[in-house]
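Biologist: I have the model open and would like a close look at one part of it. Could you start from a single residue and then work outwards?

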Amino acid sequence: MSGDIATEANRLKQLSGKDLQEFLIELFTKLAKEKVIKQFEQNRNFSHKGFTYKKQYLANFIIETLDGKFIIINSSNSYRHDRMKNQAYDVEGVTNNAIISDQIIASILLYPNQELENKSLIKFRNNVISKEAYSPATHILVISELVEFLENHKNHVTLASESRDGSYYGLRGNAFEKEVVSDLNSRENLKHLINNSHIESPIFEKVITKICSDYSVRNQDVINIHASDTVLKLTSGGNAKTDIIIDITTINNCIRETISVKNTTQSRVSCHDYKCDDFIRVLGIQDTKLAKYLELYQKSGSNGAFLSNMSEDMDHDDFVKLLAPHKQALLEWALTGKHDCKNLIDPKSQISNYLLINKSENIRFVDFSSYIDELYAKPITLTYGLPLSWTYPSKQRGSRIQLKLPILL
């Protein structure tokens with residue numbers, strides 16, 4: 001899909017805003033037919049929460065994802081700072097003050113490809129990335145970048161739908177996450193917590209008591225709990241490691257924590273799925289022999305083929321030795337999302353600090369630091385020095401590397 005759309009995107013260089021809108025309608029219609037997105041709306045107005053005026057804010061496009069979340073897009077055929085302020089007003093309003101605000105996972109300011117030659121746009125975008133300037137949008141993209149963003153989104157949809165482990169878009173996993181959010185938001189559970197009485201929900205009891213213990217908070221000092229399964233998309237369009245964000249308000253402060261959810265019947269579950277170029281980028285090993293090993297693993301797709309395809313100056317022990325200085329960073333990236341500076345938009349909410357496991361109705365809640373220590377302490381066979389399995393995602397041999405996490409109860 002991306003090649004055809006990218007070619008068509010180049011044709012948009014001299015088109016008007018109307019033509020840009022028509023192209024986007026065609027693109028999103030195609031994505032909906034391919035079941036990459038659920039549906040989309042064009043030029044929807046919103047009121048500000050608590051007010052009756054219905055045209056306070058405008059979203060040029062609203063994409064509804066397969067799990068009922070939203071991506072909002074405000075587009076323009078060129079970037080000018082004064083015009084962008086109008087876009088920013090609408091994006092800010094929809095993102096923070098509209099009826100769908102708490103379900104938005106990405107907000108995009110969108111321009112034609114030719115605007116990559118616009119020095120003002122590049123300067124502003126770089127200033128946003130370096131945190132020198134503020135943008136209410138999570139992403140500032142041109143058409144070809146939007147295509148890549150949606151391709152990454154599509155990959156996550158496809159991979160999760162094929163997974164038996166119930167990941168973000170998988171039906172079982174998605175249903176379980178919503179159950180967790182409902183339990184954590186239960187006023188009845190909160191009342192029992194404060195009163196130190198019996199809590200019927202094992203999920204609520206394990207999650208809240210663990211977090212309160214880690215922060216030295218007494219149960220009776222908790223005032224409010226709010227959990228959400230709406231997490232911002234990464235810069236690439238992929239999913240963050242965080243599945244659930246929880247805010248616990250106490251008499252002294254407010255605690256925000258992040259949870260990755262694994263809902264499975266298996267002994268190992270997919271935890272990481274990226275191209276080798278991303279491994280090389282995050283580990284900072286460009287133009288090294290270690291990078292060549294990772295490229296070869298992706299091309300080979302399995303441990304046996306990887307070893308068989310090694311050249312004379314390569315061997316298993318050499319790979320393990322070269323990877324060793326990076327294995328902690330790789331493990332933390334694979335499990336929590338740390339170290340991916342290019343892709344993280346809001347590290348505090350996108351990096352996952354805790355792991356919630358539901359294996360055949362057996363619940364475990366643990367912080368990732370302890371879980372990583374436990375992985376090394378248990379008699380788990382290490383693969384290239386890591387307590388993770390290496391493989392490739394279904395139907396993507398030669399194009400991606402997948403890592404699988406042992407499930408410990």
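In which helix is leucine 31 found?

Modeller: Happy to! Leucine 31 sits in helix H2. Before going further, please note that this is a predicted model, in which local features need pLDDT of at least 70 and side-chain atom pairs count only at pLDDT 80 or more, while totals for chains, interfaces and linings use all residues. Residues are numbered from 1 along each chain as its sequence is written, and side-chain values use heavy atoms, with hydrogens and water left out. Helices (H or I, at least four residues) and strands (E, at least two) are DSSP runs numbered from the N terminus.

Leucine 31 is buried, because its relative accessible area is 0%; the label means under 20%, with exposed over 50% and partly exposed in between (1.4 Å probe, protein chains only). A distant piece of the chain comes in here: the C-alpha atoms of leucine 31 and lysine 154 are 8.9 Å apart, although 123 residues separate the two along the chain.

H2 also takes part in ring packing. The structure holds 19 aromatic pairs, counted when rings of Phe, Tyr and Trp (its six-membered ring) have centres within 6.5 Å; planes under 30 degrees apart are stacked, over 60 edge-to-face and the rest tilted. One of these joins phenylalanine 28 and phenylalanine 61, edge-to-face at 5.2 Å centre to centre and 75° between the planes. Phenylalanine 28 belongs to H2 (residues 17-33) and phenylalanine 61 to strand E2 (residues 57-64), so the pair ties together parts 33 residues apart in sequence. Phenylalanine 28 is buried, at 0% relative accessibility, and phenylalanine 61 is buried at 0% as well.

E2 holds a ring of another pair too. Tyrosine 57 and tyrosine 89 form a tilted pair, with 5.3 Å between centres and 50° between planes. Tyrosine 57 is in E2 and tyrosine 89 in helix H3 (residues 81-97), which puts them 32 residues apart. Tyrosine 57 is buried, at a relative accessible area of 7%, whereas tyrosine 89 is partly exposed at 42%.

Elsewhere, ring pairs link Tyr293, Tyr297, Phe306, Phe319, Tyr384 and Trp390 into a cluster. Phe319 and Trp390 also appear, with Leu330, Leu403 and Leu405, as the residues that touch the most other members of the largest nonpolar core, which has 48 residues. Such a core is a set of buried Ala, Val, Leu, Ile, Met, Phe, Trp, Tyr and Cys residues joined through side-chain atoms within 4.5 Å. Elements that each supply at least two of its residues include E9 (268-274), H9 (276-283), H10 (289-300), H13 (327-336) and E13 (401-406). H10 gives the largest share, six residues. Apart from this core lies another of 27 residues, among them Phe176, Leu193, Val207 and Ile244.

Leaving aside residues up to four places away in sequence, phenylalanine 319 is in contact (heavy atoms within 4.5 Å) with Leu290, Tyr293, Leu294, Phe306, Tyr384 and Trp390.

H9 rounds off the tour. Six of its eight residues are buried, and the helix is mostly covered. The buried ones are Cys276, Asp278, Phe279, Ile280, Val282 and Leu283, and they pack against E9, H10, H13 and E13. Just after H9, glycine 284 adopts a positive phi of about 65°.
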